[in-house]
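Please look through the sequence and the model below before reading on. The paragraphs that follow go from the whole chain to its sheets, and then to a single residue and the ligand.

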Amino acid sequence: MSYNKTVKVKIGALYIGGGEKIAVQSMCTAKTSDIDKTCSQISELEKAGCDIVRVSVLDEADAAAIKQIKSKIKLPLVADIHFSASLAVSAIENGCDKIRINPGNIGGADNVKKVADCIKAHKISVRVGVNTGSIEKEFLEKYGKNEISLVESALKSVALLENFGVNDIVISVKASDVPLTVKAYRLLSRKTCYPLHIGVTEAGTEQMAVVKSSAALGALLLDGIGDTLRVSITGDPVKEVTAAKNILRAVGKDNDYVNVISCPTCGRCQWQSMALAEKVGEYVSGCAKPLKIAVMGCVVNGPGEAKDCDLGIAGTHDYCVIFKNGEIIKRVSVENAEKEFFKELDGLIR
Ligand code: SF4
């Protein structure tokens, strides 16, 4: 099945779509009008690798805070607004780089026009975000709650904005159900060229949210669908960014990192390979070099299974071998293994 290529849309200084790097998004949990807390959360998200940050705008104080927040941060800022055209206008006038609305709940065509005119005047972009909880009634009645009603509802909102001359649009059609999310984006991707913001909504607490998001976003990204993504986790948003980056890496959409390969170990393992794998993983976590490093449980299978690694180690009960590209370069005692391995690792990553 082939899916449409997307066009580029600008969000602050960043472009998404049209083959640009897939951008990682997250959302602040602080009240937006608490400017210090919001900015410190944004700074944590940026350090973790977030590319775009979203804040919710519930009242005029939140909309007004956007001006100060923008002056203190570098990341593109998205304002998330429901039900109020005047808050959307205020958020835009205060300098947000993109707004997220559902035109279906912003209060009729006049209000949509008011927001659309403001979007155009300030040359910003907009995400039309429809999820299973906000499908328009006419489509729910016609199709039930499924991928067709999600997509039709989103496309109707898009058409409304297009009628008022807005073209810098990003679309999302999220569900909390993984198969429905995948079906909806696949359908949408055949019907539009706007960039797609992908994610599973209300995905749950950390472990299940990561599993659901990996399943849905992994399938979509491997299809070539998705220009920006958010992993929704009930918890610290920094974890969302880490999970999103790991999903991109797992599906080969981000290769600028150190990939640590380690075996699960079995009865053949007679040294502390698990502990070393953990230490190596932490040590290289911030390094942006495309390297493959292996920590394997035994010399019987380790070097062979990790032949394609830039550097690897495998052990027995009394010695370890360090290898590069499948060739053993050193044999060291188990006691010295960690020190010797980190020496070689430093040579590669520094
Ligand atoms: S590399 Fe060795 S220790 Fe690790 S799983 Fe394979 S056989 Fe077991």
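**A walk through the predicted model**

Leaving aside its neighbours within four places in sequence, Lys114 is in contact (heavy atoms within 4.5 Å) with Ala85 and Val89. That residue is a convenient starting point, and its surroundings are taken up again further on. The model is a predicted one, in which local features need pLDDT of at least 70 and side-chain atom pairs count only at pLDDT 80 or more, while totals for chains, interfaces and linings use all residues. Residues are numbered from 1 along each chain as its sequence is written, and side-chain values use heavy atoms, with hydrogens and water left out.

Taken as a whole, the C-alpha trace of the protein chain spans about 75 × 45 × 30 Å along its principal axes. The secondary structure comes to 12 helices and 15 strands, where helices (H or I, at least four residues) and strands (E, at least two) are DSSP runs numbered from the N terminus. Of the 350 residues in the protein chain, 51% are buried, meaning that their relative accessible area is under 20% (1.4 Å probe, protein chains only). Among contacts between residues at least 6 apart in sequence, 62% join residues at least 24 apart. The chain is divided into domain 1 (9-250) and domain 2 (258-349), with bounds that come from an automatic or database domain assignment, and the centres of the two domains, taken over C-alpha atoms, are separated by 41 Å.

An open sheet of eight strands has the order β8-β7-β6-β5-β4-β3-β10-β9, with parallel pairing; two strands are said to pair if DSSP finds at least two bridges between them. Strands β8 (169-174) and β9 (197-198) stand at the edges with a single partner strand each, so one side of each is left without a neighbour in the sheet. At the β8 edge, six bridges link that strand in the parallel sense to β7 (residues 125-131), and Val130 has Val173 in β8 as its bridge partner. Helix α6 (residues 147-163) packs on the sheet there, touching β7 and β8, and its direction makes about 160° with that of β8; axes here are lines fitted to C-alpha atoms, for helices over the stretch in contact, and angles run from 0 to 180 degrees between N-to-C directions. Helix α9 (residues 237-250) lies across β3 (23-27) and β10 (228-230), running at about 160° to β3.

Further along the chain, strand β13 (residues 311-315) and strand β14 (residues 319-324) run antiparallel and are joined by four bridges, with Gly315 partnered by Cys320 in β14. A hairpin through three residues joins these two strands. Strand β14 is also joined by six bridges to strand β15 (residues 327-333), again antiparallel, and Ile322 stands opposite Lys330 in β15. The hairpin of β14 and β15 has two residues between the strands, and Asn325 takes a positive phi near 45° there.

To return to Lys114, this residue lies in helix α4 (residues 108-121). Lys114 is partly exposed (between 20% and 50%), with a relative accessible area of 42%. The C-alpha atoms of Lys114 and Glu338, 224 residues apart along the chain, are separated by 63 Å.

Which residues surround the ligand? They are Cys263, Thr265, Cys266, Arg268, Cys269, Gly297, Cys298 and Asn301, each with a heavy atom within 4 Å of it. By class, this shell has four nonpolar, three polar and one charged residues.

How values were computed: Nonpolar A, V, L, I, M, F, W, Y, C, P; charged D, E, K, R; others polar.
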